[in-house]
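Here are some quick notes from a pass over the model, set out as numbered points. Have the viewer open while you read.

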Amino acid sequence: MNQINSNNKGRFITLEGGDGSGKTTQIVLLANFLRERGIDVHITREPGGTRLGETLREIILQNNPDPITDKVELLLMFAARSQHVTNVIKPRLSQGQWVLSDRFTDATFAYQGGGRQMQLKDIEVLQALVQGGFRPTKTILLDLPVEEGIFRLTLRGEIRDRIEQQDLAFKQRVREAYLERHRRCRSRIALVDASATKEEVHNAITIEIENMLNPSKEQKL
């Protein structure tokens with residue numbers, strides 16, 4: 001397999017998708033793929049990635065005796081993201097490291113915008129406040145039928161968090177919002193069929209990464 005030329009430049013790669021789409025598995029496989037090619041990689045997640053972010057993650061995802069509103073949930077997401085971008089993502093990118101994140105702002109458009117049906121203009125305002133023009137270098141969207149994602153979660157037998165417990169209609173809106181993000185941002189967001197085998201999904205992701213770094217090669221195919 002061809003070596004990827006990193007040019008000592010950090011890249012910010014995000015993996016997105018609904019519950020059960022396999023992001024956690026695929027981000028580890030992608031990190032190993034890159035490390036085998038001599039690229040320094042840091043894996044992180046949202047919400048989370050910092051001590052403050054992980055504390056906010058627990059508040060957001062756990063069933064609290066004092067329920068949080070949709071607006072509070074949105075603000076907590078961006079509070080965690082602000083800390084994450086400032087203290088982890090940008091410093092590591094400036095050092096030439098690749099940052100792989102399990103979810104980022106596209107998830108907010110999908111879950112809070114699509115699932116919660118919050119105003120996209122409000123999310124865009126917070127995005128501008130927290131990130132300015134900062135965006136991922138590449139986003140891999142793992143698309144999976146909602147019913148299959150629910151089946152996978154059931155097989156795991158794990159206790160579902162507050163968002164994973166949402167109903168089918170919520171999850172359908174999340175998927176549609178993700179697909180709409182792909183339609184709007186095709187140059188950045190690559191759509192991958194997550195219903196394929198683990199190996200097939202990994203291969204599809206690595207092709208996207210190689211094409212991103214070698215656009216001339218993609219044009220010749």
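1. A definition before anything else: two strands count as paired if DSSP finds at least two bridges between them. Keep in mind that this is a predicted model. With that rule in hand, look at β1 and β3, which pair in the parallel sense over four bridges. On that seam, Thr14 has Ser101 of β3 as its bridge partner.

2. β3 has another neighbour, too. Strand β2, residues 41-45, pairs with β3 in the parallel sense over five bridges. Here Ile43 is the residue standing opposite Leu100 in β3.

3. So how buried is β3? Five of its five residues are buried, so the strand is largely enclosed by the rest of the structure. Its side chains split by direction: Trp98, Leu100 and Asp102 point one way, while Val99 and Ser101 point the other way, and all are buried.

4. Next, the largest nonpolar core. There are 21 residues in this core, and Leu30, Leu34 and Ile205 touch the most other members. The elements giving two or more residues to the core are β1 (12-17), α1 (23-35), β3 (98-102), β4 (138-143), β5 (189-193) and α8 (198-213). Of these, α1 gives the most, with five residues. As background, nonpolar side chains tend to be buried together in soluble globular proteins.

5. Leu30 is worth clicking on. Leaving out residues up to four places away in sequence, Leu30 touches Ile13, Leu15, Leu100, His202, Ile205 and Ile209. There is also a second, separate core of 18 residues, with Ile68, Ala110, Tyr111 and Val174 among them.

6. On to the largest pocket, which holds about 890 Å³ of space. Which residues lie nearest its centre? Out of 43 lining residues, those are Lys23, Thr24, Asp102, Arg103 and Glu164. Asp102 is a name you have met already, as one of the buried residues of β3.

7. Several elements give two or more residues to the lining of this pocket: α1, β2, α2 (51-61), α3 (70-94), α4 (105-115), α6 (146-156) and α8. The largest share, six residues, comes from α1. That helix also gives the most to the largest nonpolar core.

8. Last, the chemistry of the lining, in case you want to set something up there. By class, the lining of the largest pocket has 15 nonpolar, twelve polar and 16 charged residues.

Notes
Residues numbered from 1 in each chain as written. Predicted model: local features only at pLDDT ≥ 70, side-chain atom pairs only at ≥ 80, totals over all residues. Heavy atoms only, no water. Core = buried A, V, L, I, M, F, W, Y, C linked by side-chain atoms within 4.5 Å. Buried < 20%, exposed > 50% of the residue type's maximum accessible area, 1.4 Å probe, protein only. Contact = heavy atoms within 4.5 Å. 1 Å grid on protein atoms, 1.4 Å probe; cavity = no way out; pocket = protein on both sides within 12 Å on 5 of 7 lines; lining within 4 Å. Points joined across faces, edges and corners; volume = space filled by probe spheres on them. Nonpolar A, V, L, I, M, F, W, Y, C, P; charged D, E, K, R; others polar.
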